[in-house]
Each structure stands twice: as C-alpha cells, then as structure tokens.
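Reader: I am new to reading structures. Can you walk me through a few features?

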Amino acid sequence: SLLASLVGGKDSTYGNEIVQSGLYGRYSYSIGWFHHETDGFRDNNDLQQDIINAFFQVSLTHKTSVQFEYRYKELDSSYGQVSLF
C-alpha cells in the first residue's frame, strides 16, 4: 500500500509524508519519510524537521518473529541543528 499526505498554512508552513508498506508471505515491511517546515509565528522561530523510518519483520515460526526498525530524525531550527539515529 502507499500513503501520501500534504499540509500547508501561513508563515511558510508546509509538510508532507509518504509511506509505502507491504506483505509477502511471512515478510512485512514499511518505509516512510516525513518533512515539516515553518517560519514560525515570531522572528527567529523557524523550524525544519525530517524523519526517515524503515521497519522489517519476518515470521520464523507461527509463534516467533524478528523485527528490525531504523529511524533517523533531523531537526534544524534557529536554535541549532540536531540529528538522532
């Protein structure tokens, strides 16, 4: 399946998101990207945020499964930049 969305507003505010996921036999996955940015409602209140996510799962038996998830987040604002894994 595929999901996409957009949002917009005043003060140069906009965002988007896209997620693709699927199932194949005993495997499942999901990958996605989220972006948001705004100038804020005050001076020097800008913000930009990106999140990337990947998820994978495999069923080893009918009672046991293994999952892996990776998430990356980057936040940039007038106060500085932060990256998280």
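Author: We take one histidine and then a loop. Note that this is a predicted model.

Reader: Where is His-35 found?

Author: His-35 belongs to strand E3, which spans residues 27–38.

Reader: Is His-35 buried or exposed?

Author: Look at relative accessible area. Buried means under 20%. His-35 has 7%, so this residue is buried.

Reader: Which side chain makes a polar contact with the side chain of His-35?

Author: That of Glu-37, at 2.9 Å.

Reader: Which residues is His-35 in contact with, leaving aside neighbours within four places in sequence?

Author: There are Tyr-14, Gly-15 and Asn-16. Gln-48, Gln-49 and Asp-50 also touch His-35.

Reader: Now the loop. What should I know about the sign of phi in general?

Author: Most residues other than glycine have a negative phi. Asp-11 has a positive one, near 60°. Ser-12 also has a positive phi, near 55°. Neither Asp-11 nor Ser-12 is a glycine.

Reader: Where does Asp-11 lie?

Author: In the loop between strand E1 (2–9) and strand E2 (13–24). Ser-12 is placed in the loop between E1 and E2 as well.

Reader: How is Asp-11 classed by relative accessible area?

Author: Partly exposed lies between the two cut-offs, under 20% for buried and over 50% for exposed. Asp-11 has 37%, so Asp-11 is partly exposed.

Reader: What does Ser-12 count as, by relative accessibility?

Author: Ser-12 has 44%, so Ser-12 also counts as partly exposed.

Terms used. Residues numbered from 1 in each chain as written. Predicted model: local features only at pLDDT ≥ 70, side-chain atom pairs only at ≥ 80, totals over all residues. Heavy atoms only, no water. Helix = DSSP H or I, 4+ residues; strand = E, 2+ residues; numbered from the N terminus. Buried < 20%, exposed > 50% of the residue type's maximum accessible area, 1.4 Å probe, protein only. Polar contact = N/O pair within 3.5 Å; in protein donor to acceptor, adjacent residues only side chain to side chain. Contact = heavy atoms within 4.5 Å.
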